[in-house]
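Subject: Handover of a structure with its ligand and pockets

Dear colleague,

Please find below the structure that I am passing to you for your further work. My notes on the findings come after it.

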Amino acid sequence: MQFFLDSADVDVIKKLALTGLVDGVTTNPSLVLQSGWSFEEALREICAAVEGPVSAEVVAADFEGIVKEGLHLAKIANNIVVKVPLTFDGLKACQVFCVEEIPVNVTLCFSASQALMAAKAGATFISPFIGRLDDAGHDGLHLIHEIAQIYRQFDFETQILAASIRHPLHVIEAAKLGCDAATIPPKIFEQLIKHPLTDKGLENFTKDWAKTGQKIL
Ligand code: E4P
């Protein structure tokens, strides 16, 4: 399973990339706003810091605008994935990007029928927003289950990228459902490795080792 960071904060991405466990990054206009970075500058830095796919979202809503912006963004670096909205214009543009061999992340997916349409359009990634569905009183993980079932049935190559992750359990459940990737906010990425018993165990081992008076090196 690939782990992407859901962030446009260049410093945080650079820091977490040093763990060797970050496979890619997803950005969106709200994350760019939060980061305070200029979009293109941030993309250049992120693409240099992370080898894998870096999603850059278009803001145009019409087909021609999406294609123009996507082609422009794709030139920024070899690992750019153009992120398009789940609309007919977005999916039409997705087909153009497929011909150009530019990978596409279809974003804002909230239903299995939308995911099916995105796969038919040749999307590289589909991003079901599970946290926002949960927030609205629905079951985000159930959507992933449905998409996985449909994609397997027809051998679609589109990868399921669990998005709008709110807590570590979302990542675990997405993994159990066979998601190809999850895009994870930095804070939750750090929580994934934390366990109080690990900290306590380490503290005890360190104390006991000191009492032995020995050294390894
Ligand atoms: C996905 O690509 C989006 O950037 C992201 O997961 C949205 O998450 P949110 O619901 O926390 O804004």
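The notes below deal with the ligand, then with the pocket that holds it, and lastly with a second pocket.

Please bear in mind throughout that this is a predicted model, and that every value quoted here was computed from it.

The ligand and its surroundings

The residues around the ligand are D6, T26, N28, K83, F129, R132, A163, S164, R166 and T183. Sorted by class, this shell comprises four charged, four polar and two nonpolar residues.

Three side chains in the shell deserve individual mention for their polar contacts with the ligand. D6 places a polar side-chain atom 2.7 Å from a ligand oxygen atom. For R132, a polar side-chain atom is likewise found 2.7 Å from an oxygen atom of the ligand. In the case of S164, an N or O atom of the side chain is 2.7 Å from an oxygen atom of the ligand. As for surface area, the ligand taken alone exposes 350 Å², of which the protein buries 86%.

The largest pocket

Which pocket corresponds to the space taken by the ligand? That space is the largest pocket of the model. The volume of the largest pocket is about 370 Å³. Its lining consists of 24 residues, and those closest to the centre are D6, N28, L31, R132 and P185. Two elements, α2 (29-35) and β5 (104-109), each give two or more residues to this lining. The largest share comes from α2, which supplies four residues. In terms of class, the lining of the largest pocket has 11 polar, eight nonpolar and five charged residues.

D6, N28 and R132 may be useful points of reference when you inspect the model: they belong to the residues that surround the ligand, and they are also among the lining residues closest to the centre of the largest pocket.

The second largest pocket

The second largest pocket has a volume of about 160 Å³. Its lining is formed by F3, L16, T19, L21, F189, E190, L192 and I193. By class, six of these lining residues are nonpolar, one is polar and one is charged.

I would be glad to receive your comments once you have looked through the model.

With kind regards

Definitions and conventions: Residues numbered from 1 in each chain as written. Predicted model: local features only at pLDDT ≥ 70, side-chain atom pairs only at ≥ 80, totals over all residues. Heavy atoms only, no water. Near = heavy atom within 4 Å. Polar contact = N/O pair within 3.5 Å; in protein donor to acceptor, adjacent residues only side chain to side chain. Areas by Shrake-Rupley, 256 points an atom, 1.4 Å probe, with all protein chains shown as cover. 1 Å grid on protein atoms, 1.4 Å probe; cavity = no way out; pocket = protein on both sides within 12 Å on 5 of 7 lines; lining within 4 Å. Sits in = over half its atoms within 2 Å of the grid points. Nonpolar A, V, L, I, M, F, W, Y, C, P; charged D, E, K, R; others polar. Points joined across faces, edges and corners; volume = space filled by probe spheres on them.
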